[in-house]
Amino acid sequence: MARARVLIWAVCALRLALATVYFQEEFLDGERWRNRWVQSTNDSQFGHFRVSSGKFYGHKEKDKGLQTTQNGRFYAISARFKPFSNKGKTLVIQYTVKHEQKMDCGGGYIKIFPADLDQKNLNGKSQYYIMFGPDICGFDIKKVHVILHFKNQYHSNKKSIRCKVDGFTHLYALVLRPDLSYEVKVDGQAIESGSIEYDWNLTSFRKMEESSAESKDWNQAKDAKAQDWEQHFLDASASKPSDWNSELDGDWQASLLQKPPYQDGLKPEGIDKDIWLHQKMKNTNYLTQYDLSEFENIGAIGLELWQVRSGTIFDNFLITDDEEYAENFAKATWGETKGPEREMDAIQAKEEVKKAREEDEELLAGKFHMRESHFNRYYRRDEL
């Protein structure tokens, strides 16, 4: 086991040389976490955090994380890091969350913020780029949120992604790729994937952008044709030569002929719009790749949520551009402690059952003793 652990960390160290790690937090340095994480003072009623491994754990130190401590409170805390853009890069957001209080209603999600976040005033209205993670409330809401900010609006994934609802630590990971594909992983397994464009209903935005671009380019082309009216026009009688090779010679176009100035109030109509659009769309580079999952100024991570019952522990935060590094980091942290955590919980459960049985036996013994004493007093009184 020790050799396997050393090997995993060696792989992490090797992969780290290739990966870019923007943020990583394990809370392994005592109270120094307070220098990195800023509690919002926007509301005096916000709940407070502490660092704890909880009532049961796989490793007392390694499983320490940010824990909510007060029931029925909003929480707001954040940490800043060097700003970056994920343009043209994969973005991996990963962390662990443990609802050891057996969550009945509350959030377990995180938010990724722009670098200009006002940490002291963090609240529910603070703009964020990404919201990701579990949300539980009653029997109806048991889902994983994946919300992206695009065109000044928040867009939720239209698929229903179910979260874990037990009291153990679970690993959540979101992968956003430059090809507009994505994955949601829970405990290292992909539970949802697909296209960012379609699973967030963003195709309408693309169509609107394309329509706007087409109209703008069409008007510009029409104006250019009007200015050029007195000089040239397409030779409608021309046809492509039979020996024309498009691969060698390029796209064939009819030649331009000299045209006399228009007269008697006639205005140039330019080229037909449908023909123009057809020619324009033949260029495969025309459809712009919109930044559906690109964020220019990522600079903070935080928790901004509500909980009815407190006790949730957040740990092993990671933001990177390398999927393999994220997987290895998960194995070296959550992967090492998930088994022992369940073993400790099972031991505690047995001890609680044993203690409850002993208390019941003591209670029964006490009741029997009371009855016996009462019987003896009553019997002796009758004898007298």
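This report walks through the cavities, a pocket, the aromatic pairs and a few single residues of one protein model. The model is predicted, so please read every value below as computed from that model.

## Spaces inside

Let us start with the empty space. Rolling a probe the size of a water molecule over the atoms shows where such space is left. Here, the structure holds 2 cavities of 30 Å³ or more.

The largest cavity contains about 80 Å³ of space. Its lining is made by Ser53, Asp63, Thr96, Val97, Lys98, Thr169, Ile313, Asp315, Asn316, Trp334, Thr337 and Glu341. Three elements give two or more residues to this lining: β6 (91-98), β18 (313-320) and α7 (334-383). Sorted by class, the lining of the largest cavity has 3 nonpolar, 5 polar and 4 charged residues.

The second largest cavity has a volume of about 40 Å³. Around the second largest cavity you will find Val97, His99, Pro134, Lys164, Val165, Asp166, Phe168, His170 and Tyr172. Val97 is thus a name to remember, as it appears in the lining of the largest cavity and in that of the second largest cavity.

There are open spaces to look at too. The second largest pocket has a volume of about 290 Å³. Its lining counts 16 residues, and Lys55, Phe56, Glu100, Gln101 and Asp345 are those that lie nearest its centre. Which element gives the most to the lining of the second largest pocket? That is α7, with 4 residues.

The table sets out the linings by class.

| Space | Nonpolar | Polar | Charged |
|---|---|---|---|
| Largest cavity | 3 residues | 5 residues | 4 residues |
| Second largest cavity | 5 residues | 2 residues | 2 residues |
| Second largest pocket | 3 residues | 6 residues | 7 residues |

## Aromatic rings

Now for the rings. The count comes to 18 aromatic pairs. One of them joins tyrosine 22 and phenylalanine 84, which are stacked, with 3.5 Å from centre to centre and 5° between the planes. The pair links distant parts of the chain: tyrosine 22 belongs to strand β1 (residues 21-25) and phenylalanine 84 to strand β5 (residues 73-84), 62 residues apart. Are these two rings buried or exposed? Tyrosine 22 has a relative accessible area of 14%, so it counts as buried. Phenylalanine 84 is buried as well, with a relative accessible area of 9%.

Another pair brings together phenylalanine 74 and tryptophan 306. Their ring centres are 4.8 Å apart and their planes meet at 55°, so this pair is tilted. Because phenylalanine 74 lies in strand β5 and tryptophan 306 in strand β17 (residues 298-307), the pair ties together parts that are 232 residues apart in sequence. Phenylalanine 74 counts as partly exposed at 44% relative accessibility, and tryptophan 306 is partly exposed with a relative accessible area of 32%.

Some rings gather in a group. One aromatic cluster is formed by Tyr22, Phe23, Phe27, Trp37, Phe81, Phe84, Tyr95, Phe132, Tyr172, Phe314 and Phe317. The stacked residues tyrosine 22 and phenylalanine 84 are among its members.

Charges can also sit over rings. Lysine 98, part of the lining of the largest cavity, lies over the face of phenylalanine 56 at 4.1 Å from the ring centre. Arginine 342 has its charged end over the ring of phenylalanine 168, 4.0 Å from its centre.

## Single residues to visit

An unreviewed UniProt entry lists Tyr109, Lys111, Tyr128, Asp135 and Glu304 under "binding site". Among them, lysine 111 is placed in strand β8 (residues 110-114) and is buried, with a relative accessible area of 4%.

Two neighbours in the loop between β10 and β11 are next. Lysine 151 lies in the loop between β10 (141-150) and β11 (153-156) and is partly exposed at 40% relative accessibility. Its C-alpha is 9.0 Å from that of leucine 292, although the two residues are 141 apart in sequence. Asparagine 152 also has its place in the loop between β10 and β11. It is not a glycine, yet its phi is positive, about 65°. Asparagine 152 is exposed, with a relative accessible area of 71%.

Asparagine 316 has a positive phi too, of about 55°. This residue lies in strand β18, counts as buried at 4% relative accessibility, and helps to line the largest cavity.

How values were computed. Residues are numbered from 1 along each chain as its sequence is written. This is a predicted model: local features need pLDDT of at least 70, side-chain atom pairs count only at pLDDT 80 or more; totals for chains, interfaces and linings use all residues. Side-chain values use heavy atoms; hydrogens and water are left out. On a 1 Å grid over the protein atoms alone, a cavity is a set of points where a 1.4 Å probe fits but cannot get out, and a pocket is an open set with protein on both sides within 12 Å along at least five of seven lines; lining residues have an atom within 4 Å of a point. Grid points are joined across faces, edges and corners, and a volume is the space filled by probe spheres set on the points. Ala, Val, Leu, Ile, Met, Phe, Trp, Tyr, Cys and Pro count as nonpolar, Asp, Glu, Lys and Arg as charged, and the others, Gly among them, as polar. Rings of Phe, Tyr and Trp (its six-membered ring) pair if their centres lie within 6.5 Å; planes under 30 degrees apart count as stacked, over 60 as edge-to-face and the rest as tilted. Buried means under 20% relative accessible area, exposed over 50%, partly exposed in between (1.4 Å probe, protein chains only). A charge sits over a ring if NZ of Lys or CZ of Arg is within 6 Å of the ring centre and within 35 degrees of the ring normal. UniProt positions are given in the numbering used here, feature names are shortened, and annotations may be inferred rather than shown by experiment.
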